Amino acid sequence: MKLYEYMAKEIFRRNGIPVPMGAVFTGVDGVAAFQEKTGSVAIKSQVLSGGRGKAGGIKFATEPQDAISKVQELLASKIKGCQVETVLIEEKVTIERELYLAITVDGSKRQIVLLASVAGGMDIEQVPEEQVIKRFIDITIGLQPYATREITRQMGLKGREAKQTEEVMLKLYQVFRKYDAELVEINPLVVTPSQVLAADGKMTVDDEAAYRFLPEVPYVEEKTAVEKKADDLGISYVELDGEVGVMANGAGITMATLDLLQHFGSSARNFMDAGGGSSEKATAAALEILLSTNPKALLINIFGGITRCDDVARAFVQVKKALDLKLPVVIRLVGTNEDLGTAILREQGIESFKSVEEAVTKVISLLKGGGTDVHNS
Amino acid sequence: MSIILNQTTRIIVQGITGTQGQFHTGQMIAFGSKIVGGVSPGKGGQEVHGVPVYDTVEEAMLKQQVDASVIFVPAKLVKDCALEALEAGIKTLVIVTEHVPLHDTLEIMAYAEKQKAEIVGPNTYGLISPGQCKIGIMPNNIFMPGEVGVVARSGTLSYEIVYQLTGAGVGQSSVVGLGGDRVVGMSFIQVLEKFEADPATKAVVLVGEIGGNAEEKAADYIKGMTKPVVAFLAGKSAPPGKRMGHAGAIIERGKGTFKSKVEALTAAGVSVANLPWEVGPLVKQALAQGSEKVYG
């Protein structure tokens, strides 16, 4: 789960990482008073996508009326397709230099990695590799002060800016561990005449650790209503914009099913991994979610390992009866209890396939052929 | 021969009294695996499918000779159980459980390295040497003993590929599921090294998917292999920025794309199948050409 900048900064502040003085607004109430008290301010749209500055999502104001109109302007705008609903207004800080700092996980090394650069304030992907210092951290000892001294030495920092940057690194690592983060990033980490502070903040926390999140971690909804409903059922679901509703079990086979639809000239309405070991009831709920997105046809591709084909077959028969399905449906059943599943479907006049190739080409021919119902064919 | 497992591998099951633990212990025994004990705190002295249950891993290891352990406990408990197994001296650990927090996995991996142990998973169906032994949750009936090694990130997709292989009359020496998480223990390269060294394996099938750079790194290693490699990759049609089920299956900042993986593998001399049912014929073709890999 990605946190908004103002949320990340609130967590930074709580944990002793200096951030600019600021306040969050969802309308213009209090904007004028805050600007008058603060002086020159930056008004920053709160969106989850990167490249916000270039997209016009950050504005500056020195007068109350100007601050109000810029807040109104931002709240009426979209940044990369996302409606701006919140702005963060912050004091404008005096910048001596801009640094970059991030902590994340390197999957291939199976280790935590700290990234630091003196080329802050720009997209880190654009910074030449030799200007980015990479320091792997052994989780069993954590980030120790000596390692931060070596990092600032490599960055060429001296005196108080080195010392203050080292302190931020140590605190950022504590935040990374304490909040089960996948990524914490400060870009830029700004050196001012008196301190170094996090002028921006990005934080992504690990959803699998949600059960142990500290109470100060807010909830951010990134999913659509349908995705959320699927999530509550423990189903992994992603909305797409094609024509065929797809249900399969397992992420890999679901992706491969989507690829096959594309290969044969169609497209998927969704990615739905109904998971291993889904019961009859859960399968029925998953099918109802699929149908709620109005696909032109359904393709069910089950390779039963933990999932039992007879459960899927019974669930399908139940949903078909309850909802009086009219759209073309093709079912492929292989694996645990496949004979039982196939027999249950056959009793209801529903044909199923063993071959994924036949199933995919069948659903496409039904679509192109105007949608004859496979159940009665 | 085979890799990691064979008919003599002695296995314990952590979480043996749970629903999944019980069911899959039965399935593993039915397949021929030597399950010598189970661990379930507070349940010591019971039996599951005739297998003795112990309270701790250390107790199990005092009373049995153990080569490997498989973990079936809920995600929240995995870290504790994995560290317990590693400290007790288990050198091959399979973590089937999914949804393990990332930081827990990192701690497990760091300790495994210190203990010089190998971990398969988390979020894996396990590994199997058909005709000999299996550790995990894969269906028993789709495998066939043979000379092709299979290594995959995804569970059901490996079943699909193995089903296609078996259907084409191509048997398997060992099949290993690495697991779908962003951080997992054993990598493609570690498994490829074992297949390269295994006299019973004549060719390898690599089943990958979008996200990360594991396939690209594997391609670098494959350049130096003598055995032919065939690959199948999932996620060609996946949109960027969306997590496709697996935590690791996401195209981020233009990285981890289908195209980049196909290009890297093709450049390494791997035959990349476009469709799942092309894997069997491609493997047969590779085997027919002999063990000398043909470049270009």
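At what angle do α9(A) and helix α10 (residues 338-347) of chain A pack, and how far apart are their axes? The angle is about 15°, and the axes are 7 Å apart. Since angles under 35 degrees count as roughly parallel, α9(A) is roughly parallel to α10(A). Their crossing is right-handed. Please keep in mind throughout that this is a predicted model.

**Helix packing in chain A**

Let us stay with this pair for a moment. On the α9(A) side, the contact is made by A:Cys309, A:Asp310, A:Ala313, A:Arg314, A:Phe316 and A:Val317. Facing them from α10(A) are A:Glu338, A:Leu340, A:Gly341, A:Ile344 and A:Leu345. By residue class, the contact of α9(A) with α10(A) holds seven nonpolar, one polar and three charged residues.

Helix α9 (residues 309-323) of chain A also packs against helix α8 (residues 280-292) of chain A, here at an angle of about 50° and with the axes 8 Å apart. That angle makes α8(A) oblique to α9(A). The crossing of α8(A) and α9(A) is right-handed. From α8(A), the residues that take part are A:Glu280, A:Thr283, A:Ala284, A:Leu287, A:Glu288 and A:Leu291. They meet a set in α9(A) that includes A:Asp311, A:Val312, A:Ala315, A:Gln318, A:Val319 and A:Leu323. Eight nonpolar, two polar and four charged residues make up the contact of α8(A) with α9(A).

Two residues of α9(A) deserve a second look: A:Arg314 and A:Phe316 are part of the contact with α8(A), and A:Arg314 and A:Phe316 are also listed in the contact with α10(A).

**A helix pair in chain B**

Chain B offers a pair to set beside these. Helix α6 (residues 188-197) of chain B and helix α7 (residues 214-222) of chain B have axes that come within 9 Å and cross at roughly 30°. α6(B) and α7(B) are therefore roughly parallel to each other, and their crossing is right-handed. From α6(B), B:Phe188, B:Ile189, B:Leu192, B:Glu193 and B:Glu196 make the contact; from α7(B), the partners are B:Ala214, B:Glu215, B:Lys217, B:Ala218, B:Tyr221 and B:Ile222. The residues in the contact of α6(B) with α7(B) divide into seven nonpolar, no polar and four charged.

Here are the three pairs side by side:

| Helix pair | Angle and axis distance |
|---|---|
| α8(A) and α9(A) | about 50°, 8 Å apart |
| α9(A) and α10(A) | about 15°, 7 Å apart |
| α6(B) and α7(B) | roughly 30°, within 9 Å |

**The sheet of chain B**

Which strands stand at the edges of the sheet in chain B? The sheet is open and is formed by seven strands in the order β3-β4-β2-β1-β5-β6-β7 (chain B), with mixed pairing. β3 (47-48) and β7 (118-120) of chain B are at the edges; each has a single partner strand, so one side of each is left without a neighbour in the sheet. Further in, strand β1 (residues 10-14) and strand β5 (residues 68-71) of chain B run parallel and are joined by four bridges. Within this pairing, B:Gln14 stands opposite B:Ile71 in β5(B). Helix α3 (residues 75-88) of chain B packs on the sheet and touches β1, β5, β6 (92-95) and β7 of chain B. The direction of α3 makes about 170° with that of β6(B).

**Backbone details worth checking**

Most residues other than glycine have a negative phi, and most peptide bonds are trans. A few places in this model depart from that pattern. In chain A, the peptide bond from A:Asn187 to A:Pro188 is cis, with omega near 10°, and A:Pro188 is found in strand β11 (residues 181-191) of chain A. In chain B, a cis bond joins B:Gly121 and B:Pro122, with omega about 5°; B:Pro122 is placed in the loop between β7 and β8 (126-129) of chain B.

Positive phi values turn up at A:Arg110, with about 60°, and at A:Asp180, with a phi near 50°. A:Arg110 is in the loop between β8 (97-106) and β9 (111-117) of chain A, while A:Asp180 is in the loop between α5 (159-178) and β11 of chain A.

**Domains**

The domain assignment gives chain A domain 1 (21-91), domain 2 (97-212) and domain 3 (225-372). The C-alpha centres of domain 2 and domain 3 of chain A lie 45 Å apart. Chain B is divided into domain 1 (10-120) and domain 2 (139-288), and their C-alpha centres lie 27 Å apart. Between these two, 11 residues of domain 1 of chain B are in contact with 10 residues of domain 2 of chain B.

Definitions and conventions. Residues numbered from 1 in each chain as written. Chains lettered and ligands numbered in written order. Predicted model: local features only at pLDDT ≥ 70, side-chain atom pairs only at ≥ 80, totals over all residues. Heavy atoms only, no water. Axes fitted to C-alpha atoms, helices over the stretch in contact; angles between N-to-C directions. Parallel < 35°, antiparallel > 145°, perpendicular 65-115°, else oblique. Left-handed = near helix turned anticlockwise from the far one by under 90°. Contact = heavy atoms within 4.5 Å. Nonpolar A, V, L, I, M, F, W, Y, C, P; charged D, E, K, R; others polar. Pairing = 2+ DSSP bridges. Domains from an automatic or database assignment.
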